[in-house]
Amino acid sequence: MFERSVTRRHRDGSTSIGRIDLYRHKCFVLEAKQGSEQPAQQASLLDPAPRLRRGTAVRGTGGWDEAMVRARFQAEAYAKDLPVAEGWPPFLIVVDVGHTIELYADFSQTGKAYVPFPDAGTHRIYLADLSTALIRERLRKVWLDPLELDPARVTARVTRRVAEQLAELAKAMEGNHEPEQVASFLMR
């Protein structure tokens with residue numbers, strides 16, 4: 001849903017309406033910003049009319065990094081403002097339109113531990129990265145089935161597969177070897 005409205009509760013007891021840029025129930029809250037490639041031009045004595053600033057902040061600067069962090073916290077605040085019955089989405093997404101997508105995940109779905117996903121070094125996806133099948137698949141899962149990306153679930157699936165393969169191997173070996181020999185081999 002674009003522009004999903006939420007009731008924001010303030011410390012003084014007042015409320016206001018906030019709007020989530022893009023929301024998908026049980027998947028994510030997305031906050032979009034628009035960065036800029038060029039710094040704003042300053043007024044000068046020859047041209048006293050100030051130029052309008054372009055975008056949220058100039059990309060590649062500390063100001064841009066700060067703007068992206070603020071957008072992340074804005075997304076988290078919107079997630080907190082969702083009705084309790086809807087639960088916490090597992091992902092927060094921060095987008096600098098036409099430039100980057102940042103992913104933050106909390107698979108506990110408690111809203112207490114949104115961390116860069118899959119890690120702090122690779123949570124930022126640049127536009128050019130969308131040519132990579134792995135990145136496109138990750139974004140597809142965030143959109144359609146975000147809990148598939150939960151590392152605990154991935155580990156459980158792998159462990160289950162290994163256990164199944166070991167059980168099949170043990171059965172095959174029991175037909176040709178004594179059970180004690182099979183157990184000794186598997187324990188190594």
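**Figure 1. Strand E4 is covered on both of its faces.** In this predicted model, Phe-91, Ile-93 and Val-95 are buried on one side of strand E4, and Leu-92, Val-94 and Asp-96 are buried on the other. Six of the six residues of E4 are buried, so the strand is largely enclosed by the rest of the structure. Residues 91-96 make up E4.

**Figure 2. Strand E4 pairs with strands E3 and E5.** With E3, the pairing is parallel and comprises six bridges. Asp-96 of E4 is the bridge partner of Lys-33. With E5, the pairing is antiparallel, and six bridges join the two strands. One of the positions shown is Leu-92, which stands opposite Tyr-104 of E5. E4 and E5 form a hairpin in which three residues separate the strands. Gly-98 lies in the turn and has a positive phi of about 80°.

**Figure 3. Leu-103 and its surroundings.** Leu-103 is part of strand E5. The relative accessibility of Leu-103 is 0%, so the residue counts as buried. When neighbours within four places in sequence are left aside, the contacts of Leu-103 include Phe-91, Leu-92 and Ile-93. Val-115, Pro-116 and Phe-117 are also among the contacts of Leu-103, as are His-123 and Ile-125. Further contacts of Leu-103 are made with Arg-138, Leu-139 and Val-142. The C-alpha atom of Leu-103 is separated by 6.7 Å from that of Arg-124, a residue 21 places away along the chain.

**Figure 4. Helix H2 and its buried residues.** Helix H2 covers residues 133-144, 12 residues in total. From the first C-alpha to the last, H2 reaches 16 Å, close to the 16 Å expected at 1.5 Å a residue. The buried residues of H2 are Ile-135, Arg-138 and Val-142. Seen down the helix axis, these buried residues fall within an arc of 60°, so they line one face of H2. An α-helix has 3.6 residues a turn, so residues three or four places apart point the same way. The buried residues of H2 pack against four strands: E3 (28-33), E4 (91-96), E5 (100-105) and E7 (124-126). Two of these buried residues, Arg-138 and Val-142, are in contact with Leu-103, the E5 residue of Figure 3.

**Figure 5. A salt-bridge network joins Glu-37, Arg-59 and Asp-96.** These three residues are linked in a network of salt bridges. Side chains of opposite charge can pair when their charged atoms come close. The side chains of Arg-59 and Glu-37 meet at an N to O distance of 2.8 Å. Both Arg-59 and Glu-37 lie in the loop between E3 and H1, 22 residues apart. The salt bridge of Arg-59 with Asp-96 has an N to O distance of 2.7 Å. This second pair links distant parts of the chain, since Asp-96 is in strand E4 and Arg-59 is in the loop between E3 and H1, 37 residues apart. Asp-96 and Arg-59 are both buried. The relative accessible area of Arg-59 is 14%, which is under the 20% cut-off for a buried residue. Glu-37, in contrast, counts as exposed because its relative accessibility is 52%, over the 50% cut-off.

**Figure 6. A salt bridge between Arg-4 and Glu-86.** The closest N and O atoms of this pair are 2.3 Å apart. Arg-4 belongs to strand E1 (residues 2-9), whereas Glu-86 lies in the loop between helix H1 (62-81) and E4. The pair links distant parts of the chain, 82 residues apart. Arg-4 counts as buried because its relative accessibility is 12%. The search of the whole structure finds nine salt bridges.

**Figure 7. The chain as context for the close-up views.** The chain has four helices and seven strands. From the N terminus, the elements run β-β-β-α-β-β-β-β-α-α-α. Of the 188 residues in the chain, 32% are buried. Among contacts between residues at least 6 apart in sequence, 43% join residues at least 24 apart. The chain exposes about 12200 Å², and carbon and sulfur atoms supply 57% of that area.

Conventions. Residues are numbered from 1 along each chain as its sequence is written. This is a predicted model: local features need pLDDT of at least 70, side-chain atom pairs count only at pLDDT 80 or more; totals for chains, interfaces and linings use all residues. Side-chain values use heavy atoms; hydrogens and water are left out. The expected span of a helix is 1.5 Å times one less than its number of residues. Buried means under 20% relative accessible area, exposed over 50%, partly exposed in between (1.4 Å probe, protein chains only). The arc is that of the directions from the helix axis to the C-beta atoms. Contact means heavy atoms within 4.5 Å. A salt bridge is a side-chain nitrogen of Lys or Arg within 4 Å of a carboxyl oxygen of Asp or Glu. Two strands pair if DSSP finds at least two bridges between them. Accessible areas come from the Shrake-Rupley method with a 1.4 Å probe; for residues, only the protein chains shown count as cover.
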